[in-house]
Amino acid sequence: MNTMKRMDCRDLNQSELTQHCAELGLPKFRGRQVFQWVQQKAVQNWEELRNIGAGDRQKLQEGLFLQPLRKVKAQISQDGTRKFLFRCADGETLECVLMDYDRRKNRDRHTVCVSTQIGCAVGCAFCATGLGGWRRNLSPGEILGQVLDITYLMRQEDPDFQVTNIVFMGMGEPLLNYEAVLKAIELLNDPEGQGIGMRRMTISTSGVAPKIRQLAKDNPQVGLAVSLHSAHNTTRDQLIPMNRKYPLEELMEACRDYTTLTNRRITFEIALISGQATLEAAQAVGHLLKGQLAHVNLIPVNPVAGTGMARPTAKEVQQFAQSLESMGIPVSVREEKGTDIDAACGQLRRQLECEQK
Ligand code: SAH
Ligand code: SF4
């Protein structure tokens, strides 16, 4: 009898899968084939592996889990953004968003925003995910599964559909689920899987300083975004409680070390909140980032019920951007995507929880 632990096939890289297939009594070359079916074609069940005989499929079925995420809800925004609520095998729900779809002039770029945890322990004041607390980490297979299952669903209407970019900006703090996120990135990068370039994937963090340094050593290719939001510790303490553990001085030192090691530009995200998006705040950010290889991405806050936070006016956003530009810092304002479908992270799951109460 086989006493091996039954693993999730989506968690395994090619060599692990090859070894696992051998242990299940399949020829070694099957490992590569199974990897391609699972990671490239995003199959939903073992029956779909057409070039593998029924006997071997049976062994796979018995020895490995293949557990696609189940679509609970999908919403399409007027701008083409699609938001998905998926259910994991244990019943937990998670969100992910497909951006840039349906823009005919931009058909070659499809970005998926993926979740890395169910809930989040950081508890930022403006974030729907943070309001509900942390429940559990996602496995590598559940993280990359969001890309696979969106691909599978989209290919039903567009057989050539391919995700090209990934941002780890959904529910959860990626650097507090570090190993699983790095494994998911490795698998998504495999040319025999999704083949997504390292530089087309971006991790966003609320500021886990030691992990920023570790990332520079473990994967200097993947993009990094830091949720800065404010250049003052007092404000940042209120917005991102994590700041009490890793205050701005420590965070910026980690960012400088990151840039020294990788020579990569960091994107600093700033959520603009009504009443706080002042010229003084912009200048403080400018001074803080002086000398740092940086790009600033301004995000007018997406109002979440219960947070009491509203968006500043378009004029305030523009002035904030101009002030940074005048200090020599490259700035972009995040296009508002999917605001009509509650696209801010955690909003859809929260809505479902409220409906079920
Ligand atoms: N936990 C990571 C990544 C997920 S959040 C992080 O905090 O960076 C991704 C981005 O969305 C972060 O910059 C976060 O600050 C921002 N965000 C969260 N809720 C938001 C909201 N309601 N409006 C605007 N931005 C929000
Ligand atoms: Fe967590 Fe990011 Fe939301 Fe903060 S903004 S609570 S770190 S998911």
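Guide: Two strands are taken to pair if DSSP finds at least two bridges between them, and with that criterion we can begin to read the sheet in this predicted model. Isoleucine 270 of strand β12 is a useful starting point, as its position opposite leucine 298 in β13 shows one place where the two strands face each other.

Visitor: In which sense do β12 and β13 pair, and over how many bridges?

Guide: Strand β12, residues 266-272, and β13 pair in the parallel sense, and seven bridges connect them. Between these strands the chain passes through helix α10, residues 279-288, and the resulting β-α-β crossover is right-handed.

Visitor: Which strand pairs with β13 over three bridges?

Guide: That partner is strand β14, residues 331-333, which pairs with β13 in the parallel sense. Leucine 298, which we met opposite isoleucine 270, has valine 333 as its bridge partner in β14. The chain gets from β13 to β14 by way of helix α11, residues 314-326, and this β-α-β crossover is right-handed as well.

Visitor: Why can β13 be described as largely enclosed by the rest of the structure?

Guide: A residue counts as buried when its relative accessible area is under 20%. In β13, which spans residues 294-300, six of the seven residues are buried, and therefore the strand is largely enclosed by the rest of the structure.

Visitor: Where does isoleucine 240 lie, and how far is it from isoleucine 270 in space?

Guide: Isoleucine 240 lies in the loop between α8 (233-239) and α9, and its relative accessibility of 0% makes it buried. The C-alpha atoms of isoleucine 240 and isoleucine 270 are 12 Å apart, with a sequence separation of 30 residues.

Visitor: Which strands run antiparallel, joined by six bridges?

Guide: Those are strand β3, residues 70-76, and strand β4, residues 82-87. Glutamine 75 stands opposite lysine 83 in β4, and the hairpin of β3 and β4 has five residues between the strands, with glycine 80 adopting a positive phi near 95°. In the loop between β4 and β5 (93-99) one finds cysteine 88, which is buried at 5% relative accessibility. Its C-alpha atom is separated by 6.8 Å from that of arginine 70, although their positions lie 18 residues apart in the count along the chain.

Visitor: Which residues have a positive phi although they are not glycine?

Guide: Among them are alanine 42, with a phi of about 60°, and asparagine 263, also with a phi of about 60°. Alanine 42 sits in the loop between α2 (30-40) and α3 (54-63), whereas asparagine 263 sits in the loop between α9 (248-262) and β12. Their surroundings are to be read separately: alanine 42 is buried, with a relative accessible area of 0%, while asparagine 263 is exposed, with a relative accessible area of 63%.

Visitor: Is aspartate 56 buried or exposed, and which side chain does it contact?

Guide: Aspartate 56, a residue of helix α3, counts as buried at 14% relative accessibility. Its side chain is joined to that of arginine 30 by a polar contact of 3.0 Å.

Visitor: How many disulfides does the structure hold?

Guide: A disulfide is a covalent bond between the sulfur atoms of two cysteines. The structure holds zero disulfides, and for cysteine 21 the nearest cysteine sulfur, belonging to cysteine 9, is 9.5 Å away; a disulfide would require the two sulfur atoms to be within 2.5 Å. Cysteine 21 is buried at a relative accessible area of 0%, and cysteine 113 also counts as buried, at 11%.

Visitor: Which residues come nearest to ligand 1?

Guide: Around ligand 1 there are 18 residues, of which Gly172, Ser204, Ser227, His229 and Asn302 come nearest. At the level of atoms, a polar side-chain atom of histidine 229 lies 2.7 Å from an oxygen atom of ligand 1, and a backbone N or O atom of phenylalanine 126 lies 3.0 Å from a nitrogen atom of ligand 1. Glutamate 269 contributes a side-chain N or O atom at 3.3 Å from an oxygen atom of ligand 1. As for cover, ligand 1 taken alone exposes 530 Å², and the protein buries 94% of that area.

Definitions and conventions. Residues are numbered from 1 along each chain as its sequence is written. Chains are lettered from A and ligands numbered from 1 in the order in which they are written. This is a predicted model: local features need pLDDT of at least 70, side-chain atom pairs count only at pLDDT 80 or more; totals for chains, interfaces and linings use all residues. Side-chain values use heavy atoms; hydrogens and water are left out. Buried means under 20% relative accessible area, exposed over 50%, partly exposed in between (1.4 Å probe, protein chains only). Helices (H or I, at least four residues) and strands (E, at least two) are DSSP runs, numbered from the N terminus. A crossover is right-handed if, with the strands pointing away from the viewer, the path from the first strand over the helix to the second runs clockwise. A residue is near a molecule or strand if one of its heavy atoms lies within 4 Å of it. A polar contact is a pair of N or O atoms within 3.5 Å; within protein, one must be able to donate a hydrogen and the other to accept it, and residues adjacent in sequence count only if both atoms are side-chain atoms. Accessible areas come from the Shrake-Rupley method with a 1.4 Å probe; for residues, only the protein chains shown count as cover.
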